[in-house]
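Here are my comments on the model you sent, set out as numbered points. Please read them with the structure open beside you.

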Number of protein chains: 2
Amino acid sequence: MTALVSAAVEMPAGKPYALLALANDGGIGMDLEMLRQHVPMHRCKHAAGQGIYHAGQPFQAIYLVHAGSYKTCELAEDGREQVTGFRMRGDLIGVESIGLKTYSCDVIALEDSEAWELPYPAVLRACLHVPDVQARITEALAAEVRNGRSWMLMFGTLAAERRVAAFLLEVAARYARLGYSARHFILRMSRIDMASFLALKHETVSRALSRLDDLNYINVQRREVRVLDVDGLRSMAGVAVN
Amino acid sequence: MTALVSAAVEMPAGKPYALLALANDGGIGMDLEMLRQHVPMHRCKHAAGQGIYHAGQPFQAIYLVHAGSYKTCELAEDGREQVTGFRMRGDLIGVESIGLKTYSCDVIALEDSEAWELPYPAVLRACLHVPDVQARITEALAAEVRNGRSWMLMFGTLAAERRVAAFLLEVAARYARLGYSARHFILRMSRIDMASFLALKHETVSRALSRLDDLNYINVQRREVRVLDVDGLRSMAGVAVN
DNA sequence: CGAGGGATTGAAGAGTGTCAAAGAGAGTGG
DNA sequence: CCACTCTCTTTGACACTCTTCAATCCCTCG
């Protein structure tokens, strides 16, 4: 059973990709090979739970997720913690710290994952030699700002259940964009991480998922999700059903 | 009384400034005069309630707030609405829409205000001729991403009262950065806008302010705020008091 | 096989939201 | 200049969602 599921949703990490995508805002086209000529890319593997970088460490590079998935975490002085996003294949990590001496957040692998390290000085040099690199980064950052604001809209206007529905639709859309099934997938993050991101408690998330299951909008068993009624989810998330 | 207050907190809009600051992340230094040589800046006045631009209109320019204040609003397909930020003198507006054909949100004046329009094609040209312009915009965008994430941390981890306390401290800090009093200021936005931004209802914001008043952390009368106990506010907002 | 973390579910309580009413200012028109 | 209107704000009472605390179950990993 578990093996079957894995086969159905496993990511073909070896498949080459030519898009540099960021967050949830569609692919940002850039010729990876051209970039590679100017920027030495180091492959970095991370075990589940391991960090790419932590807040306070010197900012030296940005990262491109190659396989697996990561969470970004914001930390407060008094110990409060907040998951601010999840990154998967094609997402850029670390751009939020551009302009700072040190990284502003933590990035932690949710599973065994791999990211490519792009030393920032080399990226800056590439901006001068490779057309569009600078513009792409700018647009990617703008997309990330928009992304954050659309999550604000969700937090501010949707109740718990609807928030969870919106989250599932977003996850499904991201899988679809990567070429995987939007109808059947495995959540990479724990209920606790999901709850933190959604500004809820993990029990509330669990209950919301159970209720979506009861409504036959989805079928959920621990981290495995099957979407049964996309329109039901959409109307719940406040998205036009057409 | 009202006149006295106005005098105490009025903004000397005529005072020239040499910093291009964005959002809440400190000033981004840039030589405005040098920029002006390459970018024609049109002064745009907006009456209270009037919009600079609305979601869906063609993206043609970014704006630099010169006087007054604005709110940015995100809109959902089903009519839900969310205030995502407040902008004041020195803040850049419109950068979130870079890379799009149309603006992604609404920007509305909270009072009679003035913004300088910077046509985006001219800004792009300036990037080629004026050193650092591109880098400044990139860093400003990165700062905006960080800013959004720190608000996420606040939403996700602070209860209503503490959220309001954090908001007041942030407003105070912004006034201080502009050279005004951090101890005595006028909120430019309605309780409803404040509540939307904080993901609360306006009655809850009103009650939270009343309670902060009862605790003698602040003194509030409609939109006029006096900060009496900064440390009290800070500890409530989860910020180190030292 | 046991240990431990993650997930689910229940019951009770706190914190916000909702609904309603009333007061205070600002702006308008007579 | 004053009365009037309208919006914004405040406050109360009550309802309800979400959180808290707790117990149980399940899966994974050593």
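**Notes on the DNA strand and the chain interface**

1. I begin with the backbone of chain A, where a polar backbone atom of K201(A) is 3.4 Å from a phosphate oxygen of DNA strand D. Please keep in mind throughout that this is a predicted model, and that the distances quoted here are computed from it.

2. Two side chains also deserve a look at DNA strand D. In chain B, an N or O atom in the side chain of R223(B) is 2.9 Å from a phosphate oxygen of the strand, whereas in chain A an N or O atom in the side chain of E203(A) is 3.3 Å from a base nitrogen. Of the strand atoms within 4 Å of the protein, 65% belong to sugar or phosphate, and the rest belong to bases.

3. Which residues are the closest to DNA strand D? Of the 18 residues that surround the strand, the closest are A160(A) and T204(A) from chain A, with R191(B), S206(B) and S210(B) from chain B. By class, the surface near the strand divides into 9 charged, 5 polar and 4 nonpolar residues. Helix α7 (202–214) of chain A and helix α7 (202–214) of chain B each supply at least two residues of this surface, and the largest share, 5 residues, comes from α7(B).

4. Turning to the protein interface, 44 residues of chain B are in contact with 44 residues of chain A. The two chains bury about 3600 Å² between them, with 63% of that area on carbon and sulfur atoms. On the chain B side, R80(B), R149(B) and M152(B) lose the most area to chain A, and together they account for 21% of what that side buries.

5. The polar part of the interface can be described by counts: 12 residue pairs are in polar contact between chain B and chain A, both residues being at pLDDT 80 or more, and 4 salt bridges are found across the interface. One of the salt bridges joins the side chains of R149(A) and E96(B), at 3.6 Å from N to O. The elements that give two or more residues to the chain B side are β6 (69–75), β7 (81–88) and α4 of chain B, and α4(B) gives the most, with 16 residues. That side has 20 nonpolar, 12 polar and 12 charged residues.

6. Finally, R146(B) lies in helix α4 (residues 133–157) of chain B. Is R146(B) buried or exposed? R146(B) counts as buried because its relative accessibility is 9%, under the 20% cut-off. Its side chain reaches the backbone oxygen of E96(A) at 2.5 Å.

Terms used. Residues numbered from 1 in each chain as written. Chains lettered and ligands numbered in written order. Predicted model: local features only at pLDDT ≥ 70, side-chain atom pairs only at ≥ 80, totals over all residues. Heavy atoms only, no water. Helix = DSSP H or I, 4+ residues; strand = E, 2+ residues; numbered from the N terminus. Buried < 20%, exposed > 50% of the residue type's maximum accessible area, 1.4 Å probe, protein only. Polar contact = N/O pair within 3.5 Å; in protein donor to acceptor, adjacent residues only side chain to side chain. Contact = heavy atoms within 4.5 Å. Buried area = accessible area lost by both parts, 1.4 Å probe. Nonpolar A, V, L, I, M, F, W, Y, C, P; charged D, E, K, R; others polar. Near = heavy atom within 4 Å.
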